[in-house]
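Dear colleague,

I am passing a structure on to you with this email, and my notes on what was found in it follow below. Please read them with the sequence and the model open beside you.

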Amino acid sequence: MAANPGLAAGLGLLAEILEREKARGGDAVPVSPEGVEILRGIPSMIQERRRTLAAAARVAAVSAVPVAETGAPAVEATTPPAPLPAEIPAVSPASAPASVEAVVERTEEWRRAQLNAIFKSVKQAPAPRELGTLFDTVVFASGNPSAEIVFVGEAPGAEEEKQKKPFVGPAGQKLEQILKAMGLSREEVYISNIVKFRPKKGDGRFQGSSNRTPTQEEMASCLPFIRAEIEVLRPRVIVALGRTAAEGLLEKGGALAAFRNDTHHFADIPVIVTYHPSYLLRQEAASAEEGKVAKRQVWEDMLRVMEIVGLPISEKQRRYFQ
Ligand code: URA
């Protein structure tokens with residue numbers, strides 16, 4: 001039987017967490033009772049999955065009718081808004097939610113619960129806090145747990161920290177304009193950041209509302225979370241907003257122009273790299289012409305995104321900025 005990629009990814013994540021703890025000299029990882037239950041259930045889930053696949057293969061062999069994957073069903077772009085709810089009961093980082101995803105039906109409710117479990121694990125995560133360079137407030141993600149398009153930024157700023165929601169400041173307003181031009185709202189997509197905490201300048205005491213770009217180290221400390229989110233969502237396409245997000249997500253350096261010209265994948269999901277909305281704001285402030293050039297480039301990237309997910313593109317949309 002083919003390896004189960006979802007389970008492998010989940011167990012990989014779990015191994016990563018344990019390795020990190022071990023490297024730090026820890027010899028124990030706190031696991032909540034719910035986490036223990038999930039871990040205990042894994043062997044029987046694997047067996048159940050095997051039985052399901054074997055039965056499906058038998059049916060397919062007999063009837064020669066294609067058997068549906070147990071993966072996520074295609075989601076209409078018109079899926080009703082479904083903001084993430086507050087929280088679900090505690091699940092420790094060691095009970096990484098993605099480890100059970102491939103053996104359960106990937107309903108919206110399931111995705112929501114998994115995302116909330118990841119949210120919970122961000123709240124308890126020691127690694128980003130040990131750096132001492134990030135503020136404490138968790139800014140997780142917002143949007144539709146069944147979204148086909150996932151937007152990934154770098155880190156929250158002051159406004160995002162205040163509202164505990166990504167992309168709600170000026171860059172967020174620009175992102176909403178981009179979404180609107182695509183015929184989408186922010187409730188129809190999923191919006192997240194690599195770093196889940198606002199980066200500090202110095203000790204943060206005199207920072208006011210100013211922000212800073214996250215470091216590689218800060219991104220590395222939060223990478224398991226965005227990985228887990230993407231594993232739960234399994235979108236059709238990921239949009240990396242800006243060079244920093246692209247570098248963090250793809251774990252390689254490069255100029256944004258080079259990233260834009262290349263094709264990228266995260267797991268096997270296509271990644272479109274485009275300019276950060278803040279760059280658009282800066283270019284627009286510099287001059288109308290520079291603003292227009294940047295907008296045209298971002299729009300070219302968004303047309304690719306729309307093509308990947310099969311969103312209808314009108315003549316008018318094709319001709320924007322031409
Ligand atoms: N910039 C980002 O990269 N993320 C946010 O959430 C806000 C601004």
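**The second largest pocket**

In this predicted model, the lining of the second largest pocket draws at least two residues from each of helix H5 (158-163), helix H6 (170-181), helix H8 (243-250) and helix H10 (277-286). Of these, H10 gives the most, with four residues. The pocket holds about 550 Å³ of space, and among the 25 residues that line it, Glu154, Ala171, His276, Ser278 and Arg282 are the closest to its centre. By character, the lining divides into ten nonpolar, nine polar and six charged residues.

**The nonpolar core**

Turning to the interior, the largest nonpolar core has 66 residues, and those with the most contacts inside it are Ile149, Phe151, Met182, Leu249 and Met302. Helix H7 (residues 216-233) gives the most to this core, with nine residues. If you would like to look at one of the core residues in detail, Met182 touches Phe151, Trp299, Met302, Val305, Met306, Leu311 and Gln317, leaving aside residues up to four places away in sequence.

**Histidine 264**

Is His264, which belongs to strand S5 (residues 264-266), buried or exposed? Its relative accessible area is 5%, and because buried means under 20%, His264 counts as buried. A polar atom of the side chain of His264 lies 2.8 Å from the backbone oxygen of Phe259. Again not counting residues up to four places away in sequence, His264 touches Leu250, Lys252, Phe259, Ile269, Pro270, Val271 and Val273.

With best wishes

Key: Residues are numbered from 1 along each chain as its sequence is written. This is a predicted model: local features need pLDDT of at least 70, side-chain atom pairs count only at pLDDT 80 or more; totals for chains, interfaces and linings use all residues. Side-chain values use heavy atoms; hydrogens and water are left out. A nonpolar core is a set of buried Ala, Val, Leu, Ile, Met, Phe, Trp, Tyr and Cys residues joined through side-chain atoms within 4.5 Å. Buried means under 20% relative accessible area, exposed over 50%, partly exposed in between (1.4 Å probe, protein chains only). Contact means heavy atoms within 4.5 Å. On a 1 Å grid over the protein atoms alone, a cavity is a set of points where a 1.4 Å probe fits but cannot get out, and a pocket is an open set with protein on both sides within 12 Å along at least five of seven lines; lining residues have an atom within 4 Å of a point. Grid points are joined across faces, edges and corners, and a volume is the space filled by probe spheres set on the points. Ala, Val, Leu, Ile, Met, Phe, Trp, Tyr, Cys and Pro count as nonpolar, Asp, Glu, Lys and Arg as charged, and the others, Gly among them, as polar. A polar contact is a pair of N or O atoms within 3.5 Å; within protein, one must be able to donate a hydrogen and the other to accept it, and residues adjacent in sequence count only if both atoms are side-chain atoms.
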